[in-house]
Amino acid sequence: MLDDHARRLLSGPHTSVITTLNADGSPHSSPVWHLLEEIGGEVVVWVSARSGRQKCRNVGRDPRVSLVVVDPAATQHYVEVRGTALLLDDPDYAVRDRVVRSYGLADGSAFDPPGTARTAIRVSVTRVLGR
């Protein structure tokens, strides 16, 4: 499903933009860090968010999402993945920490005050676009 260009952009430590749908159908876009996993033939993108954020509320109501990464070396190139998202509790911050480690940090504790609830967003990719 992923060609080399898409895999390179999704595997690199690049900020992406996730778009979810508000209750009125309008888009809600947020810059996020992500983690790519290829499990057998399935392509999965993980995002970690503070529980209760708008993107989490939106996915809870409508699981359709897209995620875009623009190539920082050639901004006319990008990859967009579309898919279905699933919300999972992340009480021990395992997903958050896996995501931030892929960006070169030891863990994500600097991002959250103690006791912050985290939600993992698991995107099962159904379509890949880009140039």
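1. In this predicted model, Tyr103 is buried, because its relative accessibility is 14% and the limit for that class is under 20%. Two other aromatic residues belong with Tyr103 in this note: Trp33, Tyr103 and Phe111 form one aromatic cluster.

2. The structure contains 2 aromatic pairs. In one of them, the ring centres of Trp33 and Tyr103 are 4.2 Å apart and the ring planes meet at 5 degrees, so this pair is stacked. Trp33 belongs to the loop between strand 2 and strand 3 (34-39), while Tyr103 belongs to the loop between helix 3 and strand 7 (118-130); the pair therefore ties together parts that are 70 residues apart in sequence.

3. Trp33 also pairs with Phe111. Here the ring centres are 5.7 Å apart and the planes stand at 80 degrees, so the pair of Trp33 and Phe111 is edge-to-face. Phe111 lies in the loop between helix 3 and strand 7, and Trp33 in the loop between strand 2 and strand 3, so this contact ties together parts that are 78 residues apart in sequence.

4. How exposed are the other members of the cluster? Trp33 has a relative accessibility of 28% and so counts as partly exposed. Phe111, at 39% relative accessibility, likewise counts as partly exposed. The cluster thus joins the buried Tyr103 with Trp33, which is partly exposed, and Phe111, which is partly exposed.

5. Trp33 appears again at the largest pocket, which holds about 290 Å³ of space. This pocket is lined by 13 residues, and those closest to its centre are Val32, Trp33, Ser48, Ala49 and Arg118. Strand 2 (27-32), strand 4 (42-50) and helix 3 (94-101) are the elements that each give two or more residues to the lining.

6. What is the chemical character of the lining of the largest pocket? Its residues divide into 7 nonpolar, 1 polar and 5 charged. Arg118 is among the residues closest to the pocket centre.

7. Two arginines are placed over aromatic rings. Arg96 lies over the face of Tyr93, 4.2 Å from the ring centre. The charged end of Arg98 is positioned over the ring of Trp46, at 5.8 Å from the centre of that ring. Both distances fall within the 6 Å limit for a charge over a ring.

Note on methods
Residues are numbered from 1 along each chain as its sequence is written. This is a predicted model: local features need pLDDT of at least 70, side-chain atom pairs count only at pLDDT 80 or more; totals for chains, interfaces and linings use all residues. Side-chain values use heavy atoms; hydrogens and water are left out. On a 1 Å grid over the protein atoms alone, a cavity is a set of points where a 1.4 Å probe fits but cannot get out, and a pocket is an open set with protein on both sides within 12 Å along at least five of seven lines; lining residues have an atom within 4 Å of a point. Grid points are joined across faces, edges and corners, and a volume is the space filled by probe spheres set on the points. Helices (H or I, at least four residues) and strands (E, at least two) are DSSP runs, numbered from the N terminus. Ala, Val, Leu, Ile, Met, Phe, Trp, Tyr, Cys and Pro count as nonpolar, Asp, Glu, Lys and Arg as charged, and the others, Gly among them, as polar. Rings of Phe, Tyr and Trp (its six-membered ring) pair if their centres lie within 6.5 Å; planes under 30 degrees apart count as stacked, over 60 as edge-to-face and the rest as tilted. Buried means under 20% relative accessible area, exposed over 50%, partly exposed in between (1.4 Å probe, protein chains only). A charge sits over a ring if NZ of Lys or CZ of Arg is within 6 Å of the ring centre and within 35 degrees of the ring normal.
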